[in-house]
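Trainee: I should like to learn how to read a structure by asking questions of it. May we begin with the one before us?

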Protein chains: 2
Amino acid sequence: MKIEDMILVSVDDHIVEPPEMFDQHVPVAFKDKAPKYVVEANGDGYWSYEDRRIANIGLNAVVGRPRSEYGMEPTAISQMREGAWNVHKRIDDMNVNGLLASINFGTFVGFDGGFFAQSKDKTLAHVMLQAYNDWHIDEWCAAYPGRFIPMACMPIWDINLTVAEVKRVVGKGCHAISFSDNPSLRGFPSIHNSYWEPLWKVCAENRVVLNCHIGTGAAAAHPSMESPIDAWITGMPISIANSASDWLQLRALQTYPDLKIALSEGGIGWIPYFLERADFTFEHHHEWTHTDFGGRKPSDIFREHFITCFIDDKFGLKNRHDIGVDNICYECDYPHSDTLWPEAPEYLMRSFAGMPDGDIDKITHLNAMRAYSFDPFKHIPREQCTVGALRAQAGHVDTTPRSGGGNRPIGEGETRIVTSADVVKLFAGAGRSRPAQESQEA
Amino acid sequence: MKIEDMILVSVDDHIVEPPEMFDQHVPVAFKDKAPKYVVEANGDGYWSYEDRRIANIGLNAVVGRPRSEYGMEPTAISQMREGAWNVHKRIDDMNVNGLLASINFGTFVGFDGGFFAQSKDKTLAHVMLQAYNDWHIDEWCAAYPGRFIPMACMPIWDINLTVAEVKRVVGKGCHAISFSDNPSLRGFPSIHNSYWEPLWKVCAENRVVLNCHIGTGAAAAHPSMESPIDAWITGMPISIANSASDWLQLRALQTYPDLKIALSEGGIGWIPYFLERADFTFEHHHEWTHTDFGGRKPSDIFREHFITCFIDDKFGLKNRHDIGVDNICYECDYPHSDTLWPEAPEYLMRSFAGMPDGDIDKITHLNAMRAYSFDPFKHIPREQCTVGALRAQAGHVDTTPRSGGGNRPIGEGETRIVTSADVVKLFAGAGRSRPAQESQEA
């Protein structure tokens with residue numbers, strides 16, 4: 001396959017929510033209670049809601065910067081590449097990267113939408129969550145049909161509201177929800193608790209994928225505060241292995257053949273080992289653990305129910321048949337620091353070397369389309385969906401790295417190794433926990 | 001290669017310490033203060049030391065039981081297969097399994113010997129630690145020259161004592177120490193702290209391997225108490241990935257070419273993914289993290305310094321060249337529940353299918369011999385070291401599974417799935433934290 005003929009669908013990117021996002025979607029009676037985007041005197045921005053202040057709005061939105069500035073936290077939207085938060089610029093950035101379509105996780109609401117569950121007034125939180133989903137589906141995604149796979153947040157503190165919200169967003173054509181990789185670590189029942197049974201059922205019946213992003217429960221631990229930050233970054237995707245083991249044992253996967261779990265940003269190269277280990281565990285221990293996969297093996301369950309994804313993973317791609325060539329999707333991770341934007345197609349092509357076109361098509365878009373009930377070709381003729389066709393529309397997009405403001409993990413000019421302590425301090429210093437009254441609303 | 005021609009050296013097995021182990025090795029002045037093995041009225045046993053009671057002496061020593069009884073905790077030495085604690089019976093069990101030689105981690109002292117560091121009276125702890133090492137090297141290992149690779153515990157609370165102890169045991173021919181995979185999680189300085197510098201130096205200069213067993217710092221987490229225990233078991237080996245990322249960044253690995261780290265019981269199939277991810281992290285982030293591998297890549301450092309091992313891992317073996325065929329050793333894990341005793345050679349042979357003899361020899365014994373400066377052939381002619389020759393000496397060894405006592409994770413006859421809560425309760429119930437005065441000394 002030629003690079004320009006690939007069709008790329010990413011199952012893991014991120015939105016930095018734009019300041020005006022709630023404006024058109026919160027009922028009049030609640031408008032003054034909506035989360036507000038606040039800009040401080042020094043230009044830093046944060047979201048204000050109830051008594052919380054969710055600053056550090058860029059998290060890791062370093063796309064478009066020189067690599068030497070990665071790890072700096074943009075502390076204001078003005079410091080970020082516009083594609084992070086402006087849907088029109090996002091489409092430009094997708095085009096220049098040859099990316100047809102994308103799933104976008106939230107930022108200030110948490111990758112799993114945990115922001116709403118942490119709110120005090122749950123009635124209000126439900127209103128804001130629905131406004132968020134409406135904005136995401138009806139405004140962000142709908143602006144460019146065929147370019148986004150919509151994904152909704154859930155009011156997980158109330159299982160009946162959750163079921164109703166799944167049905168509501170399915171009615172809007174949304175077949176994905178964000179979910180914690182381990183809700184028991186977020187103060188909710190474990191996935192094995194009957195509390196969630198109605199959710200598994202409604203997701204399976206409506207072909208709604210649960211998207212469990214790394215860091216939404218069993219997050220990668222900093223090995224120590226003195227550890228070089230590379231240790232943390234290296235271990236981040238594989239940190240989902242513990243949760244993957246847990247999901248693999250979920251009884252509902254045997255009850256609902258259509259229930260699908262995505263291990264978002266989890267990588268793929270470790271999966272064959274993991275499946276062999278899960279099968280070994282079953283074969284070697286089931287006589288005392290009484291685990292029962294109905295005559296099948298854990299690896300069979302995995303291939304029926306799990307969606308995996310990778311940014312760049314030559315070893316995983318080489319061993320795709322030991323994962324399941326139908327279980328692998330691509331992810332771009334824009335605008336985070338691991339992204340290969342705007343050269344993702346070049347990296348992919350190198351990693352696909354020698355792979356048959358049929359497998360490339362599955363991995364780049366067909367698997368994602370099937371899993372997420374998503375058909376971009378209904379909206380855009382297939383020949384306009386390729387890397388070549390999209391890049392042809394992006395002649396005006398400037399991808400030159402641009403310096404931006406924000407905090408540095410270490411002093412300017414310093415060249416010592418950045419540690420976990422530096423990055424933890426950076427996050428704290430960005431004001432996540434400073435009280436809202438310190439600042440002034442925008 | 002024929003199954004009977006393999007020569008097997010395992011770099012991860014376990015001793016359950018025999019009651020009389022301190023008798024010959026504690027100086028007279030301290031004899032009455034040595035840890036004592038106590039048997040309760042009901043037959044349960046535990047070690048008593050200072051105000052601590054370390055019960056559950058079998059941990060996981062279920063070898064030789066019917067698989068339906070795995071997970072039961074032998075709570076007395078009398079309930080265990082003798083090979084767990086009796087060196088002569090151990091040799092029988094090694095012979096019947098075709099195993100030439102073995103590294104044995106401790107049990108009541110912790111896989112990393114953490115027992116001593118947790119003691120109140122550190123002068124006394126140092127005496128007992130030296131007695132432990134003397135027993136291990138001079139009594140257990142020396143009983144059968146060429147059959148054990150000795151490994152020592154370290155008084156890590158005092159770096160000077162530690163350096164002295166390394167030199168002392170090197171004098172006895174010991175080239176391995178047990179060490180926490182993440183000492184910062186045990187209340188000690190992180191591996192990046194200069195505190196450890198003398199240890200790296202003395203280990204490198206004397207070719208002493210640091211053996212970091214899973215569960216000695218960053219242990220596998222139970223995903224939730226309601227999780228089927230298979231989830232925990234599945235995720236156990238790969239849980240060392242976080243610590244492996246951390247060790248990979250250790251500056252001393254660049255200073256000391258001979259410094260070696262063993263990821264004991266960590267498995268191998270995930271390593272190629274891990275190395276690619278570490279290289280990606282370095283290439284993609286070093287401009288802001290300032291990580292520096294002296295012109296090389298993290299994967300180069302790994303292949304120079306790390307020892308990996310597997311119990312059964314077909315995928316890892318198939319991809320051995322992506323790990324480093326010189327970095328892979330075999331482990332038997334006797335007497336724990338993952339062991340394939342007494343059929344390890346049969347499992348290995350299946351997993352080695354199609355592998356050249358040269359690679360099999362490296363993986364089964366040559367790599368371990370080189371890494372641990374261990375030459376069994378000085379003591380036993382090579383032709384007497386093979387699976388076939390050893391098994392020929394074991395005609396009298398009865399391997400029939402035998403029922404034994406101990407605690408059950410769930411009620412007898414129950415067939416529900418065993419959960420993390422059941423196993424956590426089992427460990428607690430075995431009396432780990434019950435005060436010593438409840439019981440009677442043996």
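The following exchange takes up the pairing of the chains, one helix, one histidine and some backbone features of this predicted model.

Trainee: What turn lays chain A on chain B?

Mentor: Two copies of a chain are related by a rotation about an axis and a shift along it. Here the superposition has an RMSD of 0.0 Å, and the shift along the axis is 0.0 Å. That is the relation of a two-fold axis. The turn is 180°.

Trainee: Which residue of chain A has the C-alpha nearest the axis?

Mentor: The axis in question is the two-fold axis relating the chains. The C-alpha nearest to this axis in chain A lies 2.2 Å from it, and the residue is Trp270(A).

Trainee: Why may one say that the copies meet through the same surface?

Mentor: The contact involves 71 residues of chain A and 71 residues of chain B. The copies meet through the same surface because the share of interface residues of chain A that are also interface residues in chain B is 100%.

Trainee: How much area is buried between chain A and chain B?

Mentor: Carbon and sulfur atoms give 58% of this area. In chain A, the residues that lose the most area to chain B are Tyr273(A), His284(A) and Trp288(A), together 13% of what that side buries. The area buried between the two chains is about 6200 Å².

Trainee: Which helix supplies the largest share of the side of chain A that touches chain B?

Mentor: Across the interface there are 43 residue pairs in polar contact. In chain A, α6, α7, α9 and α11 each supply at least two residues of the side that touches chain B. The largest share is 15 residues, and it comes from α9(A).

Trainee: How many salt bridges are found across the interface of chain A and chain B?

Mentor: One salt bridge pairs the side chains of Lys318(A) and Asp322(B), with an N to O distance of 2.8 Å. Across the interface, the number of salt bridges found is 4.

Trainee: How many residues of α3(B) are buried?

Mentor: This helix covers residues 122–140 of chain B; it should span 27 Å at 1.5 Å a residue, and its end C-alpha atoms are 25 Å apart, which agrees. At its start, a side-chain oxygen of Asp121(B) comes within 3.0 Å of the backbone nitrogen of Thr123(B). The helix is largely enclosed by the rest of the structure, because the buried residues among its 19 number 14.

Trainee: Is His365(B) buried or exposed?

Mentor: His365(B) belongs to helix α14 of chain B, and its side chain makes a polar contact of 3.0 Å with that of Thr364(B). Beyond its neighbours within four places in sequence, His365(B) is in contact with Ile7(B), Val9(B), Phe377(B) and Arg382(B). Buried means under 20% relative accessible area. His365(B) has a value of 1%, so it is buried.

Trainee: Which residue does a cis peptide bond join to Tyr334(B)?

Mentor: Most residues other than glycine have a negative phi, and most peptide bonds are trans. In the loop between β11 and α13 of chain B, Asp333(B) has a positive phi of about 60° although it is not a glycine. Asp333(B) counts as buried, at 1% relative accessibility. The cis bond from Tyr334(B), with omega about 0°, leads to Pro335(B).

Notes
Residues numbered from 1 in each chain as written. Chains lettered and ligands numbered in written order. Predicted model: local features only at pLDDT ≥ 70, side-chain atom pairs only at ≥ 80, totals over all residues. Heavy atoms only, no water. Helix = DSSP H or I, 4+ residues; strand = E, 2+ residues; numbered from the N terminus. Expected span 1.5 Å × (residues − 1). Buried < 20%, exposed > 50% of the residue type's maximum accessible area, 1.4 Å probe, protein only. Polar contact = N/O pair within 3.5 Å; in protein donor to acceptor, adjacent residues only side chain to side chain. Least-squares fit on C-alpha atoms with pLDDT ≥ 70 in both. Contact = heavy atoms within 4.5 Å. Buried area = accessible area lost by both parts, 1.4 Å probe.
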